[in-house]
Amino acid sequence: MAGAAGAARPFSRLEWMLAGRYLRARRREGAISVIAGFSLVGIMLGVATLIIVMSVMNGFRAELVNRILGAQPHISVLSVSEDGLPDYDRLAERILAHPGVRRAAPTIEKQLLAASDDGNSGALVRALTPEMMASLPGVADPEEAVGDLARFPEGLAIGSGLAERLRIRIGDKIRLIAPHVKGTATAFGTRPRVKLYEVVYIFRIGMSQYDNAFIFMPLDEAQKFFRLRERVGAIEVMVDDPGAVERIGAELEEALRGEPIYTWNWQRSNGAFLAALKVERNVMFLILTLIILVAALNIISGLIMLVKEKGRDIGILRTMGLSRASILRVFFICGATIGVVGTVLGVGLGIAFTLNISEIQDAVEWVSGGSVWDPEVRFLTRVPAVMHTSDVVFTTLIALGLSFLATWYPARRAARLDPVEALRYE
């Protein structure tokens, strides 16, 4: 029998049976059971939190990029002169000839003051052709919209936040004041350029930086208002692959060498946002991994106490012929079981929470009576979440790896216990 015990194959039924009995602590071993329970819950919560946070960070970046690209060009071809781009139709045709470019259209972008009878606010005017306006997904198909985009050639389209500040509705008129544009000369000096326009479309993209500041104006009207004659401020370029704008921009500059232009793209314009998200994601990953590490350290504490409590049992098993390797595996199974069960429960909880995050947000807001996701601060109206399989797998491997490493030391300590010393005082 001793020979059979000593020659038992790795992770045999006997080893699993012993580990199971040790995990089911008796009353006098209640402290060990409590530590094991806290370790399991700690790993579960750490894994779930890590999956949820990584998914929210992924979703935040995806939503941010989608909404940015829905309201602004992938690449802007700009003039090196403040006078703008002349002969822009010919330039747009040359840009369209480049492979990967889907669309090229002239535009004008200027800052000015928008005023109504009830207030005023700084605004950013972007002038587009009606065809280009209809092709912007963030404006043509926003979260919310009032009015008729087909009437865009007759007036202005403005963001909902700006409309609320100015207390403007569809059909109301606003004054656009451009101090940098030379206006009418009077006896008291030159008056700034001022003109009334009707609001025909109010949109809500879901990003406050656009909803609170943007005014879209027909291109031909903008040329008259800003007195640009037959010039535009830039050519907006849409490409097939928005992630390749740096390469395509460099190729366009090379193809248009000799023209008084330079390129700018959405990644440069929003580089601070994207860099901040990347840094925040990495920092959050490290911080939340520490939660799993702390839970794994609790496994060490629990197993060391278990080894001390079971010293007599270990001595008897060793005298019966159970090998050091078998003892090691018994206690390794004890710790690994806590880690594996906690990780599996954490993955399940994290996935369930992520898939139902909108419903959970609604429930929390209903109970609290307020908003848990202020769009004025975070630019988005909902908590975004995009779960990547790679993040789930990586989190699972980290949790299991830390659990197994934490289990190794007390298991090895149990295996090295001298049976004579263990039974000396029994």
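Helices and strands here are DSSP runs, numbered from the N terminus. The model is a predicted one, and its largest pocket is a good place to start. About 620 Å³ of space lies in that pocket. Its lining counts 30 residues, and S76, L78, E109, R126 and A234 sit closest to the centre. Seen by element, β1 (75-79), β2 (101-116), β3 (119-128), α8 (208-211), β9 (234-239), β10 (261-265) and α11 (266-269) each bring at least two residues to the lining. The largest share belongs to β2, with four residues. As for chemistry, the lining of the largest pocket splits into 13 nonpolar, 11 polar and six charged residues.

Now to the aromatic rings. The count comes to eight aromatic pairs. In one of them, the ring centres of F285 and F394 are 5.7 Å apart and the planes meet at 10°, so this pair is stacked. The two partners come from distant parts of the chain, 109 residues apart: F285 belongs to helix α12 (residues 271-309) and F394 to helix α17 (residues 389-415). F285 is buried, at 18% relative accessible area, whereas F394 is partly exposed, at 46%. Elsewhere, Y201, F203, Y210, F214 and F216 make up one aromatic cluster.

Helix α13 (residues 311-319) has its own pattern of burial, with G311, I314, G315 and L317 as its buried residues. These residues span an arc of only 165° around the axis, so they fall on the same side of α13. That fits the general geometry: an α-helix has 3.6 residues a turn, so residues three or four places apart point the same way. Just after α13, G321 adopts a positive phi of about 110°.

Terms used. Residues numbered from 1 in each chain as written. Predicted model: local features only at pLDDT ≥ 70, side-chain atom pairs only at ≥ 80, totals over all residues. Heavy atoms only, no water. Buried < 20%, exposed > 50% of the residue type's maximum accessible area, 1.4 Å probe, protein only. Arc of directions from axis to C-beta. 1 Å grid on protein atoms, 1.4 Å probe; cavity = no way out; pocket = protein on both sides within 12 Å on 5 of 7 lines; lining within 4 Å. Points joined across faces, edges and corners; volume = space filled by probe spheres on them. Nonpolar A, V, L, I, M, F, W, Y, C, P; charged D, E, K, R; others polar. Phe/Tyr/Trp six-rings, centres within 6.5 Å; stacked < 30°, edge-to-face > 60°.
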